[in-house]
Amino acid sequence: MTDTALLAVLVAAVGGTLAGRAWASSRMRGVHGERPAFRASPHYSQGLHYLASGQLDPAVHELLKVLREHPDAVEVQQVVSHLLREVGQVERAIEVHRSMLARSDLSRAERAHALASLGTDYRKAGLLDRATQAYDEALDVDARNLHALEGQQKLFEDQRQWREAFEAQTRIARLRKSEDGLVLAFLQAEMGNEAARAGRPEDAEAAYRTALSLDRRAFAAYLGLAAQWRERDAHRSASILESAITAVPERAYLAFEPLREAYASIGEPSRFMALCERLIEQAPRDWRARLALARHLREDGRPGEALGLLLRALEANPHVLLVHLEVWRTLREMGQLGPEEQRYVSTVEESALYVDPHICTACRYRADDMLWRCPHCHEWNTLVEERVGPAAGGQS
Ligand SMILES: [Zn+2]
């Protein structure tokens, strides 16, 4: 591995992929075999040392000193500006990018990269119009600049312009030669939801079908599609939800409510119980199927059986508040609670306790509910139920 390539990996690891990419692109620069003067600076070595140990602030501090000594070192400018953004100093990052763009000796790729980075600075600062403009300019300089395309795509997503986001993602996938089917499918599902809300059921249906043809794991598309058929044909709605559970069993719980309704409206409510029982058999630690089944039993006038299920659910998942709450409700149903306890349960029910905490496996963002797109790192389908104990955390 060359010196520069090694640094690219290092910078990517501590400063984010974009910083790494900036560093890698700078290896094209420089006269072959010649060691750039800034590398002799002690601040440069010190900066790298801080980078390697993950200390971004002191690394930025040292690399800024290198820039003062060698204002022409594009490679350092690129990395410093990325790091400044990483540590939250977006305004200074913008400054560095602007001074880079004022230079007349940038290569086409370097100019496009600096413009794209400036766009990301603006996006981080919430200046969406300027971000759009900077990305557009970057793409004018280099239509294949991935950083600009990716930034533009995120901007479209942030502004819920799903069709534009889908088109941008398609271009990115083609350029990167990557398999982005799942993201594309989720974008189609959003297009479907939008069409459904706007009262265009045919468009909604078409978008959901496209989503599932792109990736069968796009759970949101099944939910949307099933909702489209709920009124017209409950049998069909139920069978769509059943396919969802088969395709993505770990998301089954998101289909419980609509499925229960669908079975009830076709006059076969017991199919819901059979489904829960099957899921419990498949995943004995799963508390959601037990909880759903227990609720069903309680409402069916069988609180004793419900309680047994709930207590078993708690053995493996003692932290789940939703299950505790259901235990109290069941005890109330069984006439086991005095007036004081009943008041307590009512208070609990009215408070915000029944949040359903989820966590992003990519960035550890915590949400009160299930979301398809992480509001923090903007990845799709990365939120999972938050677990306590050895199962905690996903692989990022
Ligand atoms: Zn995230």
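This report looks at a zinc site, a helix and one buried residue in a predicted model.

Local features need pLDDT of at least 70, side-chain atom pairs count only at pLDDT 80 or more, and totals for chains, interfaces and linings use all residues. Residues are numbered from 1 along each chain as its sequence is written, and side-chain values use heavy atoms, with hydrogens and water left out.

**The zinc ion.** Four sulfur donors hold the zinc ion (donors are N, O and S atoms within 2.8 Å of the metal, or 3.2 Å for Na, K and Ca; water is not among the atoms, so sites may look incomplete).

| Donor residue | Atom | Distance |
|---|---|---|
| C360 | SG | 2.3 Å |
| C363 | SG | 2.3 Å |
| C374 | SG | 2.3 Å |
| C377 | SG | 2.3 Å |

Their spacing in sequence is C-x2-C-x10-C-x2-C. C360 sits in strand β1 (residues 358-360) and C377 in the loop between β2 (366-367) and β3 (383-385), so this pair ties together parts 17 residues apart in sequence. Strands (E, at least two residues) and helices (H or I, at least four) are DSSP runs, numbered from the N terminus.

**Helix α18.** This helix covers residues 303-316. Its buried residues (under 20% relative accessible area, 1.4 Å probe, protein chains only; exposed is over 50%, partly exposed in between) are P303, A306, L307, L309, L310, A313 and L314. They fall within an arc of 165° seen down the axis, so they line one face of the helix. The arc is that of the directions from the helix axis to the C-beta atoms.

**T330.** T330 belongs to helix α19 (residues 321-333). T330 is buried, at 0% relative accessible area.

Definitions and conventions: The expected span of a helix is 1.5 Å times one less than its number of residues.
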